[in-house]
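Reader: I am new to this structure and would like a close look at a single part of it, together with whatever surroundings help to place that part. Please take it slowly.

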Amino acid sequence: MDEAVGDLKQALPCVAESPAVHVEVLQRSGSTAKKEDIKMNVYKLLNRHNIVFGDYVWTEFDEPFLTRNVQSVSIVDTELKAKDPQPIDLSTCTIALHIFQLNEEGPSSENLDEETENIIAASHWVLPAAEFHGLWDSLVYDVEVKSHLLDYVMTTLLFSDKNVDSNLITWNRVVLLHGPPGTGKTSLCKALAQKLTIRLSSRYRYGQLIEINSHSLFSKWFSESGKLVTKMFQKIQDLIDDKEALVFVLIDEVESLTAARNACRAGAEPSDAIRVVNAVLTQIDQIKRHSNVVILTTSNITEKIDVAFVDRADIKQYIGPPSAAAIFRIYLSCLEELMKCQIIYPRQQLLTLRELEMIGFIENNVSKLSLLLSEISRKSEGLSGRVLRKLPFLAHALYIQAPSVTIEGFLQALSLAVDKQFEEKKKLSAYV
């Protein structure tokens, strides 16, 4: 137990001591090198590069051992709380090293066999999964959503380790993300599960993510749904019993629980419906007692979330559409990717919003393109993150259709794609 607490302390952000810097080391899938050998060589790399500016990634190495065994070394999450990235002296920091390999197998289905049909009740991933690699970094928010969620889960583990009396101080291991569709709530849940599996790799050997299909569990045969719920959560309990696993239970569109209960109260559904919903809530209450489980939930319709469920959530985080500043960062990451793939060619340096602020948004040869991107970002406000990530593709498909394009040409196409998106929204709203 002392060793586990020590590992947790190392992973927790330092308050009174020197700040902790998290370094994620992605070991190659075919590598059988020992973690201690990888750790030693990574420390040598970090000693040669003491000063870094915010997050940084190495994908090429001078050391043959690292080239053979390591895909990337990443200094991560330094900018979650610091709005203005500052130089970091690694020699004065506590280094929290996380070595991991990706599971390439993809999701499996949890099937519940019934006499009349085979119901797919959940999707199941072993973490960290190749499918979610890079997802955490792709999600951009204006407030400290990601750091708050990480801190929350680390605190639940600390309180469990220290045997805090849950009758005196309560926590339920339940997170609720709510807001309009397309804002990345489900993706954030999956990315959080992946991030925590990596962050706690010295404590748990692997992670398990179970995404429950709420609509399947609430079948039209409500008398059978109670059995389905029990079967589903028995499978989850079997995963939790493995104390080497960190288990995440994801319930998307949790308002469907409310819909079933309200329909029952209105007399529109059999009385068995309310028993099914209560069974789900009871099962959640049972599994949350275990220290190696986190329950992640999302809702698109905030006002319809069941009060009984809301009371169980420790964190109720609103996820709204991105602001112009967040949109700028999303577009910037898209442009960097297209330049890396040489669809935008030749490569040109773009300024960040912070750098534009430092020069007072004055237009010159260096800032001209970045200011244009800022203008496009402002007129993109109101679009969801899901749409924003599609727009670079649509810009190319609709207005370019060539193997490569200059960044000036691409930004013009992106601006047209944004205009077209709002035109289509206006036309669609006319039919509603």
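Author: Of the 15 residues of helix H6, 13 are buried, that is, under 20% relative accessible area with a 1.4 Å probe and protein chains only, so H6 is largely enclosed by the rest of the structure. The model is a predicted one, in which local features need pLDDT of at least 70 and side-chain atom pairs count only at pLDDT 80 or more, while totals for chains, interfaces and linings use all residues. Residues are numbered from 1 along each chain as its sequence is written, and side-chain values use heavy atoms, with hydrogens and water left out.

Helix H6 covers residues 185–199 and reaches 21 Å from its first C-alpha to its last, close to the 21 Å expected at 1.5 Å a residue, the expected span being 1.5 Å times one less than the number of residues. Helices (H or I, at least four residues) and strands (E, at least two) are DSSP runs, numbered from the N terminus.

Elsewhere, four strands form an open sheet with mixed pairing, in the order E3-E4-E1-E6, where two strands pair if DSSP finds at least two bridges between them. Strands E3 (56–58) and E6 (94–100) stand at the edges with a single partner strand each, so one side of each is left without a neighbour in the sheet.

As for confidence, pLDDT, the predictor's confidence in each residue from 0 to 100, averages 87 over the chain, and 86% of the residues score at least 70.

How values were computed
Buried means under 20% relative accessible area, exposed over 50%, partly exposed in between (1.4 Å probe, protein chains only).
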